[in-house]
Structure formats: structure tokens, C-alpha cells
Amino acid sequence: VLGGYGKVGLQASKLLATSELVTEIAVAGRSLERAEKAAREIGEQAIAVHADGTNEAMLTSLLAGYEILVNAASNKVVLPAIQAAARIGTHYCDVAFGNVVEQAPRLAPETEAAGITAILANGFGPGISNTMGVHAARRLDEVEQLQHGTAGLADFGSGRELTPRHWLEQPAQSLAALHEFKGFIGWMLQRLQGNGGCTVRDYCGGQWVEINPIQSGLELPLPQGKMLHVHPFTCMRDDWGVLPRDLASTPPVDMWFSALPPQLDAILREQALRVLEKKIAPDAALKEFYDAAEEDPQPRLALPDDYTSLPYMWVRAVGRKEGRAARC
């Protein structure tokens with residue numbers, strides 16, 4: 001398991017250790033110290049191995065005797081790891097996302113010749129989101145657009161997340177941790193400059209229309225039957241590759257929602273709108289948001305009695321069913 005001591009890799013290794021089919025797990029990565037610590041935590045089946053996942057020759061020599069290579073490290077490892085797996089005859093899987101998911105299938109002739117299976121993108125996006133997109137699309141006869149929403153803040157460096165559930169269960173700790181996500185929020189605000197015109201298909205006033213969800217918001221049906229009017233703080237044309245591109249007549253859309261309490265969410269949306277309208281630079285908007293969040297923190301934690309948390313992730317297909325406009 002490359003990156004077997006990371007947020008994803010460690011949990012994957014612990015799950016693998018519960019299977020009777022698994023006799024040994026090599027926790028591999030550049031930090032032998034972290035690999036050794038993770039191996040002790042996983043149990044007697046685990047050993048620690050020093051490995052550079054981008055070094056195809058090193059990986060090829062390490063894989064002898066192993067039946068599956070799990071890449072939980074990074075996208076940079078995908079191509080050399082698949083090539084190493086093909087050379088030695090080891091099956092492969094990863095949690096990759098983005099452009100590399102489109103590049104990797106070019107190695108299919110090598111994996112086929114080696115008689116191995118390589119499965120890409122087993123993470124929540126595009127793994128689960130992709131599956132959800134296919135499921136929603138198959139419920140319609142014609143699909144005009146697939147839409148993906150994620151409610152949360154992420155730190156890609158540490159792997160830490162801030163989700164709606166965190167705010168509900170640990171509001172004070174979540175507010176204290178908000179500064180850890182400054183880089184992510186700033187990056188999302190920067191992307192508004194290039195993706196500000198992103199539109200989605202939605203049902204408003206008895207008809208299907210094109211709207212900018214940051215400005216107008218959109219109706220989000222929840223499983224329990226309630227309808228929420230929600231505003232993302234960033235909207236992109238499928239930059240993440242989390243939805244299939246060949247199931248609809250127009251490109252998929254990816255939206256990020258803050259998952260912050262209503263008071264903080266309103267401040268972030270206000271700054272996002274100002275960036276969208278070119279009234280303020282993203283860096284200045286980020287500073288104003290954090291100044292407001294830290295100025296008087298306690299009122300920011302109060303949730304209204306009718307507060308409904310957003311789902312962590314959802315996918316919607318918009319199109320036609322039996323000759324009528326429909327969405328799933």
C-alpha cells in the first residue's frame with residue numbers, strides 16, 4: 001500500500017488486515033518512520049517498507065511476491081506504479097482523480113498483455129461520484145446535464161476535512177480549525193475568476209432555465225423530502241473529472257458548498273459574489289471573510305431551530321423522461 005500511513009492508506013490497510021485473504025501488507029512510502037508506526041498500528045500482518053512511488057524501477061523490485069498494489073499516495077504515482085505492476089504481474093488500484101484518470105487508460109495494452117487488472121479512481125470522487133452519476137443518468141431517457149455538489153472544506157496537504165457533520169457535532173472545534181482551510185477557500189475564490197460564467201440547468205417558475213447557481217442558488221431535494229434553496233461558493237465545468245463526460249449533451253458541472261453555519265456561509269457567499277462581479281480581488285475577499293469570522297466568533301456558532309444540514313455529496317441528472325422534463 002503506497003502511502004499506507006496517510007489518511008486514506010492507513011484506513012484501507014486496516015480494512016485489508018481484517019480479511020482472511022490477506023496474509024501480508026507492506027506499508028510503503030518515503031517516510032520509513034511513519035510506515036513503521038502505521039505497521040504497528042495495523043497489526044502483525046503489516047511490515048514497513050521504504051519506497052519512492054515515482055521510481056518505477058524501485059517499485060518493480062519491491063513488488064515481487066505481492067499480488068496487489070494499492071496506490072493511496074498521489075496522482076504522481078499512478079503512471080509509474082501501473083507500469084511497474086504490469087512489469088511484475090501485480091494487480092493495481094488507486095484513489096486517483098483529475099487528468100491522470102484520463103491518461104492512465106493509455107497503459108491498457110501493457111496491463112492486458114501482463115494479464116493484470118488495474119482499477120482507477122476508487123475514491124469518493126470520481127469513484128463514488130462517478131457511480132452516482134451513472135445511476136442518476138440511467139433514470140432518465142435523455143440527459144442534458146449532470147451536476148455534482150460537495151459540501152465541505154478540504155486541506156489536500158493534510159487530508160483533513162470540515163464537513164456539515166463536524167459543524168453539527170463539534171461547532172467550537174470546527175470554528176477553531178477554520179484557519180487550516182484558508183488555502184483551500186482562497187484557491188476556490190481564485191477559480192471564480194476563470195469559472196464565473198458557469199451555469200446549470202434548473203427548474204424555476206414552472207420551466208427549465210439556465211442559471212448561475214452562485215448568484216441565484218438552486219433547489220436541492222433532500223432524501224427526507226425537504227427542499228433546500230442552496231448557494232455554492234464555487235462552480236466549475238467539471239475540472240475534477242468526478243462525473244462521466246459522455247452521458248449528457250452538455251458538460252458536467254461541479255459545485256462546492258461551504259458546509260459552514262448559516263451566518264458564516266452568508267459571509268463567504270457575499271465575498272464570492274464580489275469576486276464574481278470583479279468588485280474585489282480573491283486575496284482581499286479571503287482576508288475579509290476571515291476577519292469577519294474571527295471578529296465575533298460565538299454568534300457564528302448558533303444554528304437556527306429549522307437548520308438542515310447539506311448532504312456531504314450529491315449528484316443530479318437533468319433531462320427528459322417519457323417526453324417530459326425531469327431530474328433525478
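This is a short talk about two helix pairs and three buried residues in a predicted model.

Okay, hi everyone. As I said, the model is predicted, so please hear every number that way.

Let me start with the helices. Two packed helices are described by the angle between their axes and the distance between the axes. Take α12, residues 262-276, and α13, residues 282-295: their axes sit 9 Å apart, at an angle of about 165°. How do α12 and α13 run relative to each other, roughly parallel or roughly antiparallel? Anything over 145 degrees counts as roughly antiparallel, so that is the label for α12 and α13. The handedness of their crossing is right-handed.

Who makes that contact? From α12 we have Leu 264, Ile 267, Leu 268, Gln 271, Arg 274 and Val 275. On the α13 side there are Pro 282, Ala 285, Glu 288, Phe 289, Ala 292 and Ala 293. Sorted by class, that contact comes to nine nonpolar residues, one polar and two charged.

Now the other pair, α1 at residues 7-17 and α2 at residues 32-42. Here the axes come within 10 Å and the crossing angle is roughly 35°. This crossing is right-handed too. On α1, the residues involved are Leu 10, Ser 13, Lys 14 and Ala 17, and they meet Ala 38, Glu 41 and Ile 42 of α2. The class count for α1 with α2 is four nonpolar, one polar and two charged.

Right, on to single residues. First up is Gln 145, which lies in strand β6, residues 142-151. Is Gln 145 buried or exposed? It has a relative accessible area of 2%, and the cut-off for buried is under 20%, so Gln 145 counts as buried. What does its side chain reach? The partner is the backbone nitrogen of Arg 201, at 3.0 Å.

Gln 145 also touches residues far along the chain, among them Thr 199, Arg 237, Pro 251 and Ala 317. For Ala 317, the sequence separation from Gln 145 is 172 residues, while the C-alpha atoms are 5.9 Å apart.

Next, Asp 94, in strand β4, residues 91-94. Asp 94 is buried as well, with a relative accessible area of 2%. Its side chain makes a polar contact of 2.7 Å with the side chain of Tyr 92. Leaving out neighbours within four places in sequence, Asp 94 is in contact with Asn 71, Val 78, Ile 119, Leu 120, Ala 121 and Asn 122. For Ile 116, the C-alpha distance from Asp 94 is 14 Å, with their positions 22 residues apart in sequence.

Last one: Thr 234, in strand β13, residues 234-236. With a relative accessibility of 0%, Thr 234 is buried. A polar atom of the Thr 234 side chain lies 3.3 Å from the backbone oxygen of Met 188. Met 188 also turns up in the contact list for Thr 234, alongside Leu 192, Ile 214, Asp 254, Met 255 and Trp 256. That list leaves aside neighbours within four places in sequence.

To wrap up the residues: the Gln 145 side chain goes to a backbone nitrogen, the Thr 234 side chain to a backbone oxygen, and the Asp 94 side chain to another side chain, that of Tyr 92. That's all from me, thanks.

Note on methods:
Residues numbered from 1 in each chain as written. Predicted model: local features only at pLDDT ≥ 70, side-chain atom pairs only at ≥ 80, totals over all residues. Heavy atoms only, no water. Axes fitted to C-alpha atoms, helices over the stretch in contact; angles between N-to-C directions. Helix = DSSP H or I, 4+ residues; strand = E, 2+ residues; numbered from the N terminus. Parallel < 35°, antiparallel > 145°, perpendicular 65-115°, else oblique. Left-handed = near helix turned anticlockwise from the far one by under 90°. Contact = heavy atoms within 4.5 Å. Nonpolar A, V, L, I, M, F, W, Y, C, P; charged D, E, K, R; others polar. Buried < 20%, exposed > 50% of the residue type's maximum accessible area, 1.4 Å probe, protein only. Polar contact = N/O pair within 3.5 Å; in protein donor to acceptor, adjacent residues only side chain to side chain.
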